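Hi everyone, thanks for making time this morning. I'd like to walk you through a structure that may be new to most of you, so please have a look at it with me.

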Amino acid sequence: MSTLNNNQVVAVNTNDLVLNQTIVDIYSTPENFADIKSNILQFGVIQPILVNRSNLVVVSGNLRLKIARELGYKAVPVIFCDLTEDELNSYLKQVQKARAC
């Protein structure tokens with residue numbers, strides 16, 4: 001069963017995090033990318049990135065991490081979760097199904 005670490009937000013070095021390649025392959029760059037980037041530049045990364053603790057792979061927040069790196073951020077807010085491989089695969093299948101609709 002997946003667990004969150006009490007929703008505790010911690011700052012994590014952007015270079016330590018791994019983009020979720022499956023999500024990268026599913027989603028194209030959104031049309032409002034420049035607006036999102038501008039908002040992050042102005043306000044910072046407000047919504048923490050959800051990261052699997054065991055391998056530091058991003059579960060949710062690839063775009064925020066990508067933009068933060070482009071803007072030169074050294075750290076981003078992260079909430080860690082503990083997902084088994086099966087849980088992560090199930091989540092990714094749901095993302096793919098939602099994207100196909």
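I'll start with the overall layout, then go to one strand, one helix and finally a pocket.

One thing to keep in mind from the start: this is a predicted model.

So, what pattern does the protein follow along the sequence? Reading along, you meet β-α-α-β-β-α-β-α, which gives 4 helices and 4 strands in the protein. The C-alpha atoms fill a box of roughly 35 × 35 × 20 Å along the principal axes. For 101 residues, a compact globule would have a radius of gyration near 13 Å, and the protein has 14 Å, so the two agree. Buried residues account for 32% of the 101. Now look at how the chain comes back to itself: of the contacts between residues at least 6 apart in sequence, 84% join residues at least 24 apart.

Let's move inside, to strand β4, residues 75–82. Why do we call β4 largely enclosed by the rest of the structure? Because 6 of its 8 residues are buried, and here buried means under 20% relative accessible area. Strand β2, residues 49–52, runs parallel to β4, and 4 bridges join the two. If you want one pair to find on the screen, take V51, whose bridge partner in β4 is F80.

Next comes helix α3, residues 62–70. Which of its residues are buried? They are N62, R64, L65, I67 and A68. As a reminder, an α-helix has 3.6 residues a turn, so residues three or four places apart point the same way. The buried residues of α3 pack against quite a list of elements: α1, α2, β2, β3 and β4. After α3 comes G72, with a positive phi near 85°.

Helix α3 also brings us to the last stop, the largest pocket, since we will meet this helix there again. The volume of that pocket is about 430 Å³. It is lined by 17 residues, and those closest to its centre are I23, Y27, S28, N62 and L63. Which elements give two or more residues to the lining? They are α1 (21–26), β3 (57–60), α3 and α4 (85–100). The largest share, 4 residues, comes from α3. By class, the lining holds 9 nonpolar, 5 polar and 3 charged residues.

And N62 is a nice residue to end on: it is buried in α3, and it is also among those closest to the pocket centre. Thanks for listening!

Key: Residues numbered from 1 in each chain as written. Predicted model: local features only at pLDDT ≥ 70, side-chain atom pairs only at ≥ 80, totals over all residues. Heavy atoms only, no water. Buried < 20%, exposed > 50% of the residue type's maximum accessible area, 1.4 Å probe, protein only. Pairing = 2+ DSSP bridges. 1 Å grid on protein atoms, 1.4 Å probe; cavity = no way out; pocket = protein on both sides within 12 Å on 5 of 7 lines; lining within 4 Å. Points joined across faces, edges and corners; volume = space filled by probe spheres on them. Nonpolar A, V, L, I, M, F, W, Y, C, P; charged D, E, K, R; others polar. Rg over C-alpha atoms; globule rule 2.2 N^0.38 Å. Contact = heavy atoms within 4.5 Å.
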